[in-house]
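Dear colleague,

Please find below the structure that I am handing over to you, followed by an account of what was found in it.

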Amino acid sequence: MGQPDQFIKRTFAEETEVITRGAVEWHDPPEMGLIKVQGDGLLFVHRPGDLLTFCEPWPQAGGHDEILIELKMPGDHLDVLTVQRALLRRQARQVQRVEEREPRWLGEEPLWLVAPHLPAWLGRVRELRRVAEGCYGVAPSPFQFLWIAANELPLRDELVPFLVARSGRPLDEFARWVATRRRAD
């Protein structure tokens, strides 16, 4: 780090508490260990127009060339830490995309989080907009943040990858339904 960086940090450290009469104080942040940050998958969108004939959430992919997807199976935690980690992985991919090309990419990496259900706590801290059966837009967000509640999705062939995340009775219904539509292996 250069001297100007050190100077501004030192100024904040020395002046903040004095100027605000103790209302705010400066602390050096702890080191953040980001050894490996990797999402569960990327969906590359090649022909967005073709997705319009499919049921949700597929048409939601239409405005994007890539979507980071996070997959939570029955028994996985769906707490605030899980969501914050998913958001961190999305932000890491966002930065990676900006760094990988010139001119710099100016888009926003979307995040789709697929889980068995929508946790009740999320509606208390974020605005949820029902996009379709089992699909919720999460706001506020400067990027598309879509929560896909697999237990609420209809049993449709084009939704099989999402339906695998079901739990409980909806999982049993899916297993009986898919057994008639796919090979056993």
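The structure holds 13 salt bridges. Please keep in mind that the model is predicted.

**Salt bridges**

Glu70 takes part in two of the pairs described here. With Arg89 it forms a salt bridge whose closest N and O atoms are 2.8 Å apart. Glu70 belongs to strand S2 and Arg89 to helix H2, so this pair ties together parts that are 19 residues apart in sequence. Both partners, Glu70 and Arg89, are buried. The side chain of Glu70 also meets that of Lys72 in a salt bridge, at 3.9 Å from N to O. Lys72 counts as buried because its relative accessibility is 11%, and Glu70 does so at 0%.

A network of salt bridges links Asp65, Glu66, Arg93, Arg97, Glu100 and Glu109. Within it, Glu100 pairs with Arg93, the closest N and O atoms lying 3.4 Å apart. Arg93 is buried at 12% relative accessibility, whereas Glu100, at 47%, is partly exposed.

**Thr82**

Thr82 is found in helix H2, which spans residues 80-99. Its relative accessibility of 12% means that Thr82 is counted as buried. The side chains of Thr82 and Asp79 are joined by a polar contact of 2.8 Å. Not counting residues up to four places away in sequence, Thr82 touches Lys72, His77 and Arg89. Two of these residues have already appeared above as salt-bridge partners of Glu70: Lys72 and Arg89.

**Arg166**

Which side chain of opposite charge is nearest to Arg166? It is Glu173, 4.0 Å away, and Arg166 has no salt bridge although it is buried. Arg166 is located in the loop between helix H4 (160-163) and helix H5 (168-179). A polar atom of the Arg166 side chain lies 2.4 Å from the backbone oxygen of Leu153. Leaving aside neighbours within four places in sequence, the contacts of Arg166 are Pro74, Pro116, Ala150, Asn151, Leu153, Leu155, Leu171, Glu173 and Phe174.

**Nonpolar cores**

In soluble globular proteins, nonpolar side chains tend to be buried together. The largest nonpolar core in this model has 23 residues, of which Trp112, Ile148, Leu153, Leu159 and Phe162 touch the most other members. The elements that give two or more residues to this core are strand S2 (66-71), strand S3 (111-115), strand S6 (145-149), H4 and H5. Apart from it lies another core, of 17 residues, including Leu87, Leu111, Leu113 and Trp147.

Ile148, one of the residues that touch the most other members of the largest core, is in contact with Pro57, Trp112, Leu113, Val114, Ala115, Gly134, Leu153 and Phe162, not counting residues up to four places away in sequence.

**Cysteines**

The count of disulfides comes to 0. Why is there no bond between Cys55 and Cys135? The sulfur of Cys55 is 8.0 Å from that of Cys135, its closest cysteine sulfur, which is too far for a bond. Both residues are nevertheless buried: Cys55 has a relative accessible area of 14%, and Cys135 has one of 0%.

**Gly137**

Gly137 is placed in strand S5, residues 135-139. With a relative accessible area of 11%, Gly137 is buried. Its contacts, leaving aside neighbours within four places in sequence, are Glu127, Leu128, Arg129, Val131, Phe145 and Leu146. From C-alpha to C-alpha, Gly137 is 28 Å from Glu100, and the two are 37 residues apart in sequence.

**Backbone geometry**

Most residues other than glycine have a negative phi, and most peptide bonds are trans. Some places in the model depart from this pattern.

- The peptide bond from Glu56 to Pro57 is cis, with omega near 15°; Pro57 lies in the loop between strand S1 (41-44) and S2.
- The peptide bond from Glu102 to Pro103 is also cis, with omega near -5°; Pro103 sits in the loop between H2 and S3.
- Arg21 is not a glycine, yet it has a positive phi of about 55°. Arg21 lies in the loop between helix H1 (3-19) and S1, and is exposed, with a relative accessible area of 77%.

With kind regards

Key
Residues are numbered from 1 along each chain as its sequence is written. This is a predicted model: local features need pLDDT of at least 70, side-chain atom pairs count only at pLDDT 80 or more; totals for chains, interfaces and linings use all residues. Side-chain values use heavy atoms; hydrogens and water are left out. Helices (H or I, at least four residues) and strands (E, at least two) are DSSP runs, numbered from the N terminus. Buried means under 20% relative accessible area, exposed over 50%, partly exposed in between (1.4 Å probe, protein chains only). Lys and Arg count as positive and Asp and Glu as negative; His and the chain ends are not counted. A polar contact is a pair of N or O atoms within 3.5 Å; within protein, one must be able to donate a hydrogen and the other to accept it, and residues adjacent in sequence count only if both atoms are side-chain atoms. Contact means heavy atoms within 4.5 Å. A nonpolar core is a set of buried Ala, Val, Leu, Ile, Met, Phe, Trp, Tyr and Cys residues joined through side-chain atoms within 4.5 Å. A disulfide is a pair of cysteine sulfur atoms within 2.5 Å.
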